[in-house]
Amino acid sequence: MKDIIMNILDQSIRVKEMFIKNNIDLIVKGADRIVISLASGHKLIIFGNGGSAADAQHIAAEFVNRFQIERPPLAALALTTDTSVITSIGNDYHFDDIFAKQIRALGKKDDIAIGISTSGNSANVIKAMEAAKEMGIFTIGFTGSGGKLAEVADMTFSVESDTTARIQETHILLGHTLCDLVDRILFPHLMK
Ligand SMILES: O=C(CO)[C@@H](O)[C@H](O)[C@H](O)[C@H](O)COP(=O)(O)O
Ligand SMILES: [Zn+2]
């Protein structure tokens with residue numbers, strides 16, 4: 001058991017380290033792009049399934065409430081929280097439409113849509129990204145090493161791993177890193 005735990009830790013560290021080293025410039029670009037949207041009165045819309053639904057909510061909460069400094073709230077919304085909306089779309093139309101329909105209802109040109117899918121193939125995430133692009137919303141994909149999401153998104157963060165859990169752990173590191181950078185760019189005077 002101890003070997004298994006140490007092996008999980010080693011894998012998690014290795015995947016994260018490789019991701020950050022290979023994507024450091026892209027992460028800065030992603031933070032700059034988010035800053036442009038937020039500073040011009042637009043918002044982040046975040047969505048995914050299962051663990052990635054939790055990640056979407058976690059990241060949205062960091063922006064809306066606060067991250068590591070005291071600063072004004074920032075506009076972010078997870079599309080995974082309203083069970084009435086999700087069940088009615090899933091029940092009356094199709095589960096593949098649960099995010100796309102919310103994007104059409106709530107999204108505005110120049111918002112940012114962040115779709116999270118470790119396989120890169122969840123149809124509801126892909127459909128929402130396509131709907132967002134049609135509306136002039138900038139799309140960012142958090143994904144693994146394969147799948148369609150990378151082909152659809154304007155900007156893609158791909159984690160090189162074939163283990164869903166390791167990919168998710170890296171996505172949350174990415175989400176926290178983006179929050180940290182956005183705070184530093186928007187509120188340099190509030191940084192300690
Ligand atoms: O958290 C986990 C696995 O670690 C699961 O809940 C996982 O998120 C679900 O199976 C998702 O439906 C997988 O979707 P995706 O990441 O391939 O888009
Ligand atoms: Zn998980």
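Here a learner and a teacher talk through how to read a predicted model.

Biologist: Let's start with the sheet. What is the order of the strands, and is the pairing parallel or antiparallel?

Modeller: The general idea is that strands of a sheet pair through backbone hydrogen bonds, either parallel or antiparallel. In this predicted model, five strands form an open sheet with parallel pairing, and the order is S2-S1-S3-S4-S5.

Biologist: Which strands stand at the edges?

Modeller: Those are S2 (76-78) and S5 (155-158). Each has a single partner strand, so one side of each has no neighbour in the sheet. From one strand to the next, the twist averages 15 degrees.

Biologist: Can we zoom in on one pair? How many bridges join S1 to S2?

Modeller: Three bridges join S2 to S1, which covers residues 44-48, and the two strands run parallel. To find the pair by eye, look for Ile46, which stands opposite Ala78 in S2.

Biologist: Now the helices. Which strands does H1 touch as it packs on the sheet?

Modeller: Helix H1 (residues 2-39) touches S1, S3 (112-117), S4 (138-143) and S5. The direction of H1 makes about 135 degrees with that of S5.

Biologist: And how do H1 and H7 cross?

Modeller: Their axes come within 8 Å and cross at roughly 40 degrees. Roughly parallel is kept for angles under 35 degrees, and H1 and H7 are therefore called oblique to each other. The crossing in which H1 passes H7 is right-handed. By class, this contact has 15 nonpolar, five polar and three charged residues.

Biologist: What angle do H2 and H7 make?

Modeller: They pack at about 15 degrees, with their axes 10 Å apart. H2 and H7 are therefore roughly parallel to each other. H2, too, passes H7 in a right-handed crossing. On the H2 side, the residues that meet H7 include Asp55, His58 and Phe63, while those of H7 include His171, Ile172 and Cys179. The contact of H2 with H7 has four nonpolar, six polar and two charged residues.

Biologist: Finally, the ligand. Which residues are around ligand 1?

Modeller: Among them are Asn49, Gly50, Ser117, Thr118, Ser119, Ser122 and Val125. Helix H2 (51-64) and helix H7 (164-186) are the elements that give two or more residues to this shell.

Biologist: Which element gives the most to the shell?

Modeller: That is H7, with three residues. Thr164, Ala165 and Gln168 are in the shell, and Gln168 of H7 is also among the residues that meet H2. Gly51 and Ser52 are around the ligand as well, and both belong to the contact of H2 with H7.

Biologist: How many residues of the shell are nonpolar, polar or charged?

Modeller: Two are nonpolar, ten are polar and none is charged.

Conventions:
Residues numbered from 1 in each chain as written. Chains lettered and ligands numbered in written order. Predicted model: local features only at pLDDT ≥ 70, side-chain atom pairs only at ≥ 80, totals over all residues. Near = placed C-beta within 6 Å. Helix = DSSP H or I, 4+ residues; strand = E, 2+ residues; numbered from the N terminus. Nonpolar A, V, L, I, M, F, W, Y, C, P; charged D, E, K, R; others polar. Axes fitted to C-alpha atoms, helices over the stretch in contact; angles between N-to-C directions. Parallel < 35°, antiparallel > 145°, perpendicular 65-115°, else oblique. Left-handed = near helix turned anticlockwise from the far one by under 90°. Contact = placed C-beta atoms within 7 Å. Pairing = 2+ DSSP bridges.
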